[in-house]
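Let us walk through this fold one region at a time. Keep the chain in view as you read.

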Amino acid sequence: MTIPLIIAEKPDQGMKLAAPFPHKKMKGYIKISPNQTFPDGAYLTWAVGHLCELIPPEEYNPKWKKWSLDTLPILPESFQYKVKKDKWNQFTIIKDLLKRSDIDEVIMAGDAEREGEAIIRIILKQCHNRKPAKRLWISSLTEKAVVNGFHHLLSEEETRAIYYEAMSRACADWLIGMNASRVYTLLLQRKGIRDVFSTGRVQTPTLALIVKREKEIENFKSEPFWEVKAIFLMTNKMYEGTWHIDSETRLKEEKKAIAIANFCKGKSAKIDEIEKERKEFQPPLLFNLSSLQATANKLFKFSPKKTLDIAQKLYVKGIISYPRSDSSYVTKEEATLFPEILNQISCIESYKEFFPLPNQSVMNNKRFVNEKKVTDHYAIIPTEQVVNPLTLEKDEEKIYDLIVRRLIAAHFEKSIFDYTTVHTIVDERATFISKGKQMVQEGWRKVIYQMEESKEDNEQVLPNLTKDETGIVSKVMVKDGKTQPPKRYTEGQLITLMKTAGKFIEDTQMQSILRKTEGLGTEATRAGIISVLKDRKYIEVTKNVVYPTKKGILLIDSIGNSILASPEMTAKWEQRLHEIGEGKASPNVFLEQAKKLSVKLIDDAKIAESKWAFPTNLLKEISANTIAGKKGKRVKARLGQCKKCDGMLIEKGNFYGCTNYQKSKCDFTISKKILGKTISQKNISKLLKEGKTDLIKGFKKGENTFDGYLEWNQEKQVIQFESASIKK
């Protein structure tokens, strides 16, 4: 007689695991009746995520409760866990079930990855379990996958190494977080900053990349340029070209641009050369979590966390495979299910137009089916439990539709375009270039259309032209512009940036390591890291664009060149953790190295302090915002120094006004809306700092719409317009 206790990671997952079998729901657990899979029946219970947590420093040593430089470093000899207070009831249920005499083995059924492994094993350790254990390892919660998983359980030894990897990661991150956070907080308090500065092995280098981009934008010097555009008429065929010399189209002098335009007016033109290049585009890879998050952010502005939460719901419903996957490939075993899945999809009205499929099978296509590139989990795909997206909640429908379309597209032909470059010469002197494209084969683009077009998607469709064809310059124009700084990251781009962080490391060996591992964080943790940066007021996200706060910038400036802010540390750690997960490296040796690194980071911070020279107004502003935040008041963003006094400009209802109004009656204000256009806080800050905003598009006056800048006139002490263009 064998009766197992199955321990799932969460209640909803537990219900899915019990669904294929006759069962009865009890308080905190489920009793499964005897059946073909469990001849003597089974018990099933669950954690509620992390039931246990690493104990705080003061429970190792009372001296570590007080934040003091004298008590650093904090280096426990061994690490201990305790049950979270709010999870004690469920822990007691699990503990009591483990004591039952009729239960003789445990089936660990957490998510099939590192954290799922650690959650269940830590509970068993806290319960002092001595009963033998096995491991359920599945990537889908359909009834078929669940039953098959229980018939092919892994031995406990087969997954023990990834538990050591998870524990090593958690304990080492605790060491770095506790020591580095305390030392920087305490040292910054000496500068008058009354706030807590949290640091971390992944969150700090991620923040450093965001701050680095912000400083690139801040230090960018915009320069004006001019381009000469011409409309050519060749035997009733019209197209546009841009003047260039040695492939450079931009001129630094307006006079020269005007002179070129005047020279070209009405002159003869001849097609000097035509270049054609055919480009083939393969269907996109199947989704892993990062690519799904990046795509959903681009198309729907979903935050990475929102996408993960939605995907988790779809997984629990049994309609997609495990979402926290880092792979874009499937094995042949999964590929054998594609015909059945696609057959069901073909019956759904919104997908009927894509069937019959151009390619009936991808079984031998290594772009999608490649066992060597599947580690813990395969790509995110719809399961055989296909549903009509229209029956789902609106946001769930969007994510499910993306996953379904990606699978359909894998069975389509490549997309083919012809790209044409036309070189036109005016009066045997001035050279112009024209670029265009023509779709030859739509292929997979019929299934997946790009909602946000790239620059090349906006290229003109050129008429049928031939070499040496002649005509005239029908029209010529001079267009002005300004060089633009690099753009801030969106949340979706930040996910991709974290995954590809190796390119920011100069050491090519470390670059290779980070590419082979997972970059900054893992598929499962990146969304959480971004959320942590938001919660700790290091970044703000406005209209899907990520901005570092002054607090975030101050922390990175404080850390300076310390390895704490570099992806290099993560590269080295991820390599070692990966080796621990494969059973090739020692967890104990790794933790000893983490302790040594903690000591070094403390020393680095103390050395860096001697070089700190922060502006007094910045320190005051961060402290003021902290105090206001602690009192529960809404912290008003300080956008920059007032142009009329030493006050700061803040948001005040429908306008931005000076903080010194009550004190000195300073009347400096800027309306939030000018000529029908809302002026962003970013542009207000730039106006205050540099005297001029970025180009603002869409001002309206009467029937005219125009683009322009807001500029501070120091002599007249007023804000004035500088118009860039006017259009009907």
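What follows goes from the whole chain to its sheets, then to a helix pair and a loop residue.

This is a predicted model. The protein chain has 21 helices and 26 strands. Its C-alpha atoms fill a box of roughly 100 × 70 × 50 Å along the principal axes. Of the 728 residues in the chain, 51% count as buried. Look next at contacts between residues at least 6 apart in sequence: 72% of them join residues at least 24 apart.

Start near the N terminus, with strand β7, residues 105-109. How many of the residues of β7 are buried? The count is 5 of 5, so the strand is mostly covered, given that buried means under 20% relative accessible area. In a regular strand, side chains alternate between the two faces of the sheet. In β7, E105, I107 and A109 point one way. V106 and M108 point the other way. All of these residues are buried, whichever way they point.

β7 has a partner in strand β1, residues 4-8. The two pair in the parallel sense over 5 bridges. Within that pairing, I7 has M108 of β7 as its bridge partner. β7 also pairs with strand β8, residues 133-135. That pairing is parallel too, over 3 bridges. Here I107 is matched with K134 of β8.

Now move on to the barrel. Which strands close it, and in what order? There are 6, running β10-β11-β14-β13-β12-β15, with antiparallel pairing. On average, neighbouring strands of this sheet are turned by 35° against each other, direction ignored. Helix α7, residues 254-264, packs on the sheet. The helix touches β10 (224-234), β11, β13, β14 and β15 (470-482). Its direction makes about 165° with that of β15.

Strand β14, residues 430-441, is a good place to follow the barrel pairing. With strand β11, residues 237-243, β14 forms an antiparallel pairing over 2 bridges. W243 has F432 of β14 as its bridge partner. With strand β13, residues 415-426, β14 pairs in the antiparallel sense over 11 bridges. Two residue pairs can be picked out along β13 and β14. T420 is bridged to G436 of β14. I416 stands opposite Q441 of β14. β13 and β14 also form a hairpin, with 3 residues between them. In the turn sits D427, which has a positive phi of about 50°.

Next comes a pair of helices. Helix α13 spans residues 491-499, and helix α15 spans residues 526-535. Their axes come within 10 Å and cross at roughly 120°. Are α13 and α15 parallel or oblique to each other? Angles from 65 to 115 degrees count as roughly perpendicular and those over 145 as roughly antiparallel. The crossing angle falls between these ranges, so the two helices are oblique. Their crossing is right-handed. On the α13 side, the contact is made by E491, L494, I495, M498 and K499. On the α15 side, R526, A527, I529, I530 and K534 take part. By class, the contact has 6 nonpolar and 4 charged residues, and no polar ones.

Further along the chain lies an open sheet. It has 4 strands in the order β18-β19-β20-β21, with antiparallel pairing. Which strands form the edges? They are β18 (638-641) and β21 (669-671), each of which pairs on one side only. Neighbouring strands of this sheet are turned by 25° against each other on average, direction ignored. Strand β20, residues 655-658, pairs with β21 in the antiparallel sense over 3 bridges. F655 stands opposite S671 of β21. Helix α21, residues 681-690, packs on the sheet. This helix touches β18, β19 (648-652), β20 and β21. Its direction makes about 15° with that of β18.

End at D667, in the loop between α20 (661-664) and β21. Is D667 buried or exposed? Exposed means over 50% relative accessible area. D667 has 52% relative accessibility and therefore counts as exposed. D667 and Y43 are 624 residues apart along the chain. Their C-alpha atoms are separated by 72 Å.

Conventions. Residues are numbered from 1 along each chain as its sequence is written. This is a predicted model: local features need pLDDT of at least 70, side-chain atom pairs count only at pLDDT 80 or more; totals for chains, interfaces and linings use all residues. Side-chain values use heavy atoms; hydrogens and water are left out. Axes are lines fitted to C-alpha atoms, for helices over the stretch in contact, and angles run from 0 to 180 degrees between N-to-C directions. Angles under 35 degrees count as roughly parallel, over 145 as roughly antiparallel, 65 to 115 as roughly perpendicular and the rest as oblique. A crossing is left-handed if the near helix is turned anticlockwise from the far one by less than a right angle, and right-handed if clockwise. Contact means heavy atoms within 4.5 Å. Ala, Val, Leu, Ile, Met, Phe, Trp, Tyr, Cys and Pro count as nonpolar, Asp, Glu, Lys and Arg as charged, and the others, Gly among them, as polar. Two strands pair if DSSP finds at least two bridges between them. Buried means under 20% relative accessible area, exposed over 50%, partly exposed in between (1.4 Å probe, protein chains only).
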